[in-house]
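Please load the model in your viewer and keep a selection tool at hand, since each stop on this tour begins with something to pick out. The stops go from helix packing to aromatic pairs and then to single residues.

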Amino acid sequence: AQHSLGQLYRFGQGVPKDVAQAAFWDRKAAEQGHVGGEFNLGLDYGNGEVLPRSYADAYFWLDLAATRGHGPEREKAAKSRDAAAARLTPDQLSKAQDRAAKWLAEHPDIP
């Protein structure tokens with residue numbers, strides 16, 4: 001429901017278009033393991049229009065989406081994750097990878 005609400009705000013469907021509200025609701029969804037929320041949040045960090053640009057944060061959220069997504073959504077997340085990775089130093093990439101692995105290990109109950 002949180003991701004769906006974020007989508008409504010992102011595209012102005014039934015509510016005024018508000019990308020900041022979209023990111024707020026996508027974060028809520030992402031923190032609960034919703035792949036679509038993780039993907040959108042990663043893109044928001046990567047494009048830097050709604051949230052401060054952070055390729056490390058983009059990599060983190062997109063890696064979660066790529067790890068847990070399926071089919072085409074997994075492929076889109078992996079492609080976007082790899083684009084974020086290309087903008088990181090080796091040290092930054094290693095830290096982002098460690099952060100994602102730690103998050104996944106700490107949340108085994110999220111499929």
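Are α1 and α2 roughly parallel or roughly antiparallel to each other? Bear in mind while looking that this is a predicted model. Select residues 2-11, which form helix α1, together with residues 19-31, which form helix α2, and you will find the two packed at an angle of about 165 degrees, with 7 Å between their axes. Angles over 145 degrees count as roughly antiparallel, and α1 and α2 are therefore roughly antiparallel to each other. The contact draws on Gln2, His3, Leu5, Gly6, Gln7, Tyr9 and Arg10 from α1, and on Val19, Gln21, Ala22, Ala23, Trp25, Asp26, Lys28 and Ala29 from α2. If you colour these residues by character, 7 are nonpolar, 5 are polar and 3 are charged. As for its hand, the crossing of α1 and α2 is left-handed.

Keep α1 on screen and add residues 35-47, helix α3, which packs with α1 at an angle of about 40 degrees, the axes being 9 Å apart. This angle makes α1 oblique to α3. On the α1 side the contact is made by His3, Gln7 and Arg10, and on the α3 side by Gly36, Gly37, Asn40 and Asp44. Coloured in the same way, the residues of this contact include no nonpolar ones, and divide into 5 polar and 2 charged. The crossing of α1 and α3 is left-handed.

Next come the aromatic rings. How many aromatic pairs does a search of the whole structure find? The search finds 2. For one of them, select phenylalanine 24 and tryptophan 25, whose ring centres lie 5.0 Å apart with the planes at 90 degrees, so that the pair is edge-to-face. Phenylalanine 24 has a relative accessibility of 39% and so counts as partly exposed, and tryptophan 25, at 22%, also counts as partly exposed. For another pair, move to phenylalanine 60 and tryptophan 61, where the centres are 4.8 Å apart and the planes stand at 75 degrees, so this pair is edge-to-face as well. Here both phenylalanine 60 and tryptophan 61 are buried.

From tryptophan 61, step to glutamate 31, which touches Trp61, Trp103 and Ile110 when residues up to four places away in sequence are not counted. Glutamate 31 lies in helix α2 and, with 43% relative accessibility, counts as partly exposed. If you draw a distance between the C-alpha atoms of glutamate 31 and tryptophan 103, which are 72 residues apart along the chain, the viewer should give 10.0 Å.

Now select leucine 43, which has its place in helix α3 and is partly exposed, its relative accessible area being 34%. With residues up to four places away in sequence set aside, leucine 43 touches Leu62 and Ser80. A line from its C-alpha atom to that of aspartate 57, 14 residues away along the chain, spans 9.5 Å.

Finish at arginine 81, in helix α5, which covers residues 71-85. Is arginine 81 buried or exposed? Its relative accessibility is 17%, and residues under 20% count as buried, so arginine 81 counts as buried. Beyond its neighbours within four places in sequence, arginine 81 is in contact with Tyr59, Leu62, Asp63 and Ala66; one of these, Leu62, is also touched by leucine 43.

Technical notes:
Residues numbered from 1 in each chain as written. Predicted model: local features only at pLDDT ≥ 70, side-chain atom pairs only at ≥ 80, totals over all residues. Heavy atoms only, no water. Axes fitted to C-alpha atoms, helices over the stretch in contact; angles between N-to-C directions. Helix = DSSP H or I, 4+ residues; strand = E, 2+ residues; numbered from the N terminus. Parallel < 35°, antiparallel > 145°, perpendicular 65-115°, else oblique. Left-handed = near helix turned anticlockwise from the far one by under 90°. Contact = heavy atoms within 4.5 Å. Nonpolar A, V, L, I, M, F, W, Y, C, P; charged D, E, K, R; others polar. Phe/Tyr/Trp six-rings, centres within 6.5 Å; stacked < 30°, edge-to-face > 60°. Buried < 20%, exposed > 50% of the residue type's maximum accessible area, 1.4 Å probe, protein only.
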